[in-house]
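Biologist: I should like a close look at a single part of this model, namely the surface that faces one of the nucleic acid strands. Please treat it in detail and then place it in its surroundings.

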Protein chains: 2
Amino acid sequence: MSIVFNEHMQCSSCPIRHRAICARCDETELDLLSQIKSYKTFDAGQPIGWRGDDLTHFSSIVSGIASLSRSLEDGRTQMVGLLLPSDFLGRPGREQIEFDVNAVTEVTVCRFERKPFEKLVEEVPHVAQRMLEMALDELNAAREWMVLLGRKTAREKIATFLEMVIRRSTNPGQEAALHALPLTREEIADFLGLTLETVSRQLTVLKKEGVISFSDRKHFTISNMAALQDATGDDADGDVLF
Amino acid sequence: MSIVFNEHMQCSSCPIRHRAICARCDETELDLLSQIKSYKTFDAGQPIGWRGDDLTHFSSIVSGIASLSRSLEDGRTQMVGLLLPSDFLGRPGREQIEFDVNAVTEVTVCRFERKPFEKLVEEVPHVAQRMLEMALDELNAAREWMVLLGRKTAREKIATFLEMVIRRSTNPGQEAALHALPLTREEIADFLGLTLETVSRQLTVLKKEGVISFSDRKHFTISNMAALQDATGDDADGDVLF
DNA sequence: TCCGGCCGTTGATCTGAATCAAGGACAAAA
DNA sequence: TTTTGTCCTTGATTCAGATCAACGGCCGGA
């Protein structure tokens, strides 16, 4: 059974209450946010917005996964971010969206109209402080990702990606657990700066080596975590990418 | 003649007064910052800090250029940021440096000890607000850079890089002007996810095509801006990368 | 002025991943 | 059940950029 998000939803029972932009807010501040919030759900595969569109709302992902990407004219596409629950979408001070946003799975967002939200950011320091923290986390993740895109081999990219998936999954500790891979091969390719064929081949190699195994296209298990770590190309004291 | 940065330097006559983290501060707030600031200069080529070092100070670049980079164990290196005057270094809430920092040219920073600065970020909303703006700008730049690293050809990378250099140079309008290229070929390669040989070759190609010309290794002129733009692979309504 | 050490250029060759191409598996629709 | 479309896999071939290698130019120090 899943939660229903509507005007009756209380912030206090929100699943992202302590991780989203409202994390540092007290009850009074939460009330201010609450007054300007509304929920919206997008079907899997639906565009949430295109680069250049007017930025009418700021949103927090409440459930589901959205992608941020940019395309060159000839169709080459690079994903530049994956938005998971509690991640924030939109940037104060800009009037347009800067990247294409798509719902990878069904996505529900908690959103705020632009003007009132920008006013609130000025007036409630706890919101700006939390947004700063989150922006710096994302900046770090983006920089780690730049290392992957610029310098890692296809094999290292795939291994790093799988490692990230299990670290960010709902049961991160359990390496033997079945992990969901919500992206298609093409989406993974756009995330890693590869082609979908190369993604498929490298997954097959890791499978043949006994490092991972698939129950179906979208679910896998780690059979040999040490080997996966090794294949990432990162130092042993590896960093947290997201 | 260059400015001397010492304890007598007044914030009001600081070259980055209106762009750095203090940009939104009023005189009173500036005074608080002023009480905990000091200056430090690093020679060209010197390391400013290594990943994992204790983060003792937060710094604003006052003059010069610094680089942020990460290396894999086998020596492959990816630059993940170029810090120009007014850019900020260090991240509240972390106790270690997360990337290697090097002085590309001689660098002077205005710096603040960690604890008092973190306290100040909590107490002076204008600082957190400005830092948020700057972090979001950097995040955007990092994401644009991810597109370059993941999807652009060597030629497109070089053209995009040159375009960025002239946009961020001190005389951005003047396309006929002589522009400084403060990085070595190897540094450019580490920035673009290429080898130094490929950088050299692509610069030669653009030179032979009459798009750019070099007066010496570190200074060039744009001869054909339209051709350079075209070679970047970006849409005509190109974005601002930094 | 000569020497030694970067730094940069250019050439030859190699190779990892892209591209081109053909099917196969699966799920939803008819 | 068959059809249709999407997603994925696998094979053959190509090619952009890496790698390996040699040398040239410039600058600072002796």
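By class, how many nonpolar, polar and charged residues does the surface near DNA strand D have?

Modeller: The model is a predicted one, and all that follows should be read as a description of that prediction. By class, the surface near DNA strand D has four nonpolar, six polar and six charged residues. Of the 16 residues around this strand, those that come nearest are Thr184(A), Arg185(A), Ser200(A), Thr153(B) and Thr198(B). Both protein chains are thus represented in that list.

The elements behind this surface can be named as well. Helices α5 (185-192) and α6 of chain A, together with α6 (196-208) of chain B, each supply at least two residues of the surface near DNA strand D. The largest share comes from α6(A), which provides six residues.

The surface near DNA strand C may be set beside it. Around DNA strand C there are 17 residues, and the closest are Thr153(A), Thr198(A), Thr184(B), Arg185(B) and Ser200(B). At least two residues each are supplied by α4 and α6 of chain A and by α5 (185-192) and α6 of chain B. Here α6(B) gives the most, with six residues. In terms of class, the surface near DNA strand C divides into four nonpolar, six polar and seven charged residues.

Since α6 of each chain contributes to the surface near DNA strand D, the packing of that helix deserves attention. In general, two packed helices are described by the angle between their axes and the distance between the axes. In chain A, helix α4 (residues 154-168) packs against helix α6 (residues 196-208) at an angle of about 75 degrees, and their axes are 10 Å apart. Because angles of 65 to 115 degrees count as roughly perpendicular, α4(A) is described as roughly perpendicular to α6(A). On the side of α4(A), the contact is made by Ala154(A), Arg155(A) and Ile158(A), while α6(A) brings Thr198(A), Val199(A), Gln202(A), Leu203(A) and Leu206(A). By class, this contact has five nonpolar, two polar and one charged residues. Thr198(A) therefore appears in two settings, in the contact of α4(A) with α6(A) and among the closest residues to DNA strand C.

Helix α4(A) can be examined further. At 1.5 Å a residue, its 15 residues should span 21 Å, and its end C-alpha atoms are 21 Å apart, so the expected and modelled spans agree. Buried residues of α4(A) include Ile158(A), Ala159(A), Phe161(A), Leu162(A), Met164(A), Val165(A) and Ile166(A). Glu156(A), Lys157(A) and Thr160(A) are also buried.

The corresponding pair in chain B is described in like terms. Helix α4 (residues 154-168) of chain B and α6(B) pack at an angle of about 75 degrees, with their axes 10 Å apart. That angle makes α4(B) roughly perpendicular to α6(B). The residues in contact are Ala154(B), Arg155(B) and Ile158(B) of α4(B), along with Thr198(B), Val199(B), Gln202(B), Leu203(B) and Leu206(B) of α6(B). This contact has five nonpolar, two polar and one charged residues by class. Among its members, Thr198(B) is also one of the residues that come nearest to DNA strand D.

The two chains also meet each other. In that interface, 33 residues of chain B are in contact with 33 residues of chain A. On the side of chain B, β5 (77-83) and α3 (125-151) each supply at least two residues, and α3(B) has the largest share, with 19 residues. By class, the side of chain B that touches chain A has 15 nonpolar, eight polar and 10 charged residues.

One contact across the chains involves Gly81(A), a residue of strand β5 of chain A. Leaving aside its neighbours within four places in sequence, Gly81(A) is in contact with Leu68(A) and Arg143(B). Gly81(A) counts as buried because 23 other C-beta atoms lie within 10 Å, and the cut-off for that class is 20 or more. Ser67(A) is 14 residues from Gly81(A) in sequence, yet the two are 5.8 Å apart in space, C-alpha to C-alpha.

Finally, a backbone detail beyond the same strand may be of interest. Ser86(A), in the loop between β5 (77-83) and β6 (88-89) of chain A, has a positive phi of about 90 degrees although it is not a glycine. With 19 other C-beta atoms within 10 Å, Ser86(A) is partly exposed. In chain B, Ser86(B) lies in the loop between β5 and β6 (88-89) and has a positive phi of about 90 degrees, again without being a glycine. Ser86(B) counts as partly exposed, with 19 C-beta neighbours inside 10 Å.

Technical notes
Residues numbered from 1 in each chain as written. Chains lettered and ligands numbered in written order. Predicted model: local features only at pLDDT ≥ 70, side-chain atom pairs only at ≥ 80, totals over all residues. Axes fitted to C-alpha atoms, helices over the stretch in contact; angles between N-to-C directions. Helix = DSSP H or I, 4+ residues; strand = E, 2+ residues; numbered from the N terminus. Parallel < 35°, antiparallel > 145°, perpendicular 65-115°, else oblique. Contact = placed C-beta atoms within 7 Å. Nonpolar A, V, L, I, M, F, W, Y, C, P; charged D, E, K, R; others polar. Expected span 1.5 Å × (residues − 1). Buried ≥ 20, exposed ≤ 12 C-beta atoms within 10 Å, placed from the backbone. Near = placed C-beta within 6 Å.
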